[in-house]
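This briefing concerns strand pairing and sheet arrangement. Please keep the structure in view while reading the points that follow.

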Amino acid sequence: MTAAVPTAAAGRVDAAPQAGPPATIRNPVLPGFHPDPSILRVGGDYYLATSTFEWLPGVTLHHSTDLVTWRPLGGALDEARLLDLTGAPDSGGVWAPCLSYTDGQFHLVYSDVKSLAGAYKDVHNQVVTAPTPQGPWSDPVPLPGHGFDPSLFHDDGPGGDGRSWLLWLDWDHRPGTNPFAGILLQQYDRAARRVTGPVHRIFDGTALGCTEGPHLYRRDGWYYLLTAEGGTSWNHAVTAARSRTLTGPYEPDPAGPLLTSAGRPELELQKAGHGSLVETPDGQWYLAHLAARPLTPLGACVLGRETAIQRVEWTADGWPRLAGGGNAPSVEVPAPGAEVPASTVAAAGGFGTDRPGPEWMTLRRHPDASWIALDRGRLLLRGDESLSSRHRQSLLARRCAHNEFTFEVTVDADPGSPRQAAGLVHLYNTELWHYLHLSRDEALGRVLRLGVCDRGRYGEPAAPVPVGAGPLRLRLEVHGAAAEFAWTPVGRAPDWRPLGPVLDAARLSDDYATVGDERTGHYRSWGFTGAFTGVCAQDLTGARMPAAFSAPSYLAPW
């Protein structure tokens, strides 16, 4: 569907009317943790929705008018009535959203995964609707939950009957079966907001296996099914299948995957897979997909899975293929049109005004006045549970979007106990993090400590440093796999003092976080997110110690 929506509601970015160079999409278009992209065009506006897992707000949204420059709109699921992640496991929460549009309404379907270790997947699939991508979103409606990665297909346009259809992966936990048991299809009644009629198993997948992430399209009398296959790591892929009838059977492209980086460790973009298609107003086609950039060939992907875009052309016999031939992802891709205006969009600064800015996220807990506040440029946090908690952390962080960056922030807190802390954190999940923090030592008084958690094992690789009273400036500097912390007093010329050894940033990666048995496919823990950096405060005494943070600075070579 391509009907227009009002520009203001869509959140359009105005561009300066100056000529730019020939338009090129440079991948990844969304650097850092932005996996499972669902791309949508409504009129002249493009939207990307990406997975957020245990981070809030749920489902990150971006907007573009040219597929080149993307503006963050924040998260769609930003209230407890829309999404409750209390106790969600690491890499649980929101999986694989799908954003679609029909009858003047945006539809957002997503999985809320409550458990994922071992054989079982406890999943709540849900749908919400809104007149604009920025809400207000309706209360969630439950969908079938025996599987994950739901999507909606609206059979609009010439030749369609206007009905909507739900697709999802059927998960089978039983020993001796293929757990990725096929793609299911069922009619979705938009007026009644429920599925209806028989369930159709329309695709069993190819020999690549791990068939998931379905998206359905109609073109020139064919229905096209895109799926993710090959698992989420180095063999990941996008496959295309088609059928003359909606309910199948769907036959896969005989040429093999539409997109994959498998077997080509020299490529900059690895793990390419989980894609969705979009058509431009003038009939060009593009594929949004996830990819990852390892620090070394087939090494740790600290930034997690990112969003990239490829151009697609159609063969004479009606199959989608990457423009230019082959099926490997490209870093630079021709954008629609010959040239685009150069956008003049100011980067957001600080933590935000009345609420955190769109680049900031919280863990499993929506921001509210009981634990977080913004006051004249300062962020105020009240200490709560530890960094190992899956319930009530007082933490605000942003994605690490570069393999080389520096993050600095000023912290002011007066811990009265070793069980109170506040500082700068570099983390992947509750079991993998580095933390430079103010605390209290019985003998030394107010101190800086460096904590490291490695798959749940806590240690401190440096002795605590007495720092006296007053605010401190803390710094994290990352160069590939090397992470270093430093600090300086505030109020005079900076005097940066290293604290602790060089730490291994590669541990904060999808690859290191995933622990399990490849033979059975059962895992103790998964890594589906990416590294973050930010600020947090803890108070295990229950006194809820206040901590103030100001002047955050994230700098990277652009």
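**Strands and sheets**

Strand E7 and strand E8 (residues 105-115) run antiparallel and are joined by eight bridges. The model in which this pairing appears is predicted. The points below place that pair in its sheet and then turn to another sheet.

**The sheet containing E7 and E8**

- Four strands form an open sheet in the order E7-E8-E9-E10, and their pairing is antiparallel.
- Strand E7 (93-102) and strand E10 (141-143) are the edge strands, each of which pairs on one side only.
- From one strand to the next, the twist of this sheet averages 25 degrees.
- Within the pairing of E7 and E8, one bridge can be located by residue: Gly 93 has Val 113 in E8 as its bridge partner.

**The sheet containing E3 and E5**

- An open sheet of four strands, with antiparallel pairing, follows the order E2-E3-E5-E6.
- Strand E2 (38-42) and strand E6 (71-77) each have a single partner strand and stand at the edges, so one side of each is left without a neighbour in the sheet.
- On average, neighbouring strands of this sheet are turned by 25 degrees against each other, with direction ignored.
- Strand E3 (residues 45-50) and strand E5 (residues 58-64) run antiparallel, and five bridges join them.
- Ala 49 has Leu 61 in E5 as its bridge partner.

Notes
Residues are numbered from 1 along each chain as its sequence is written. This is a predicted model: local features need pLDDT of at least 70, side-chain atom pairs count only at pLDDT 80 or more; totals for chains, interfaces and linings use all residues. Side-chain values use heavy atoms; hydrogens and water are left out. Two strands pair if DSSP finds at least two bridges between them. Helices (H or I, at least four residues) and strands (E, at least two) are DSSP runs, numbered from the N terminus. Axes are lines fitted to C-alpha atoms, for helices over the stretch in contact, and angles run from 0 to 180 degrees between N-to-C directions.
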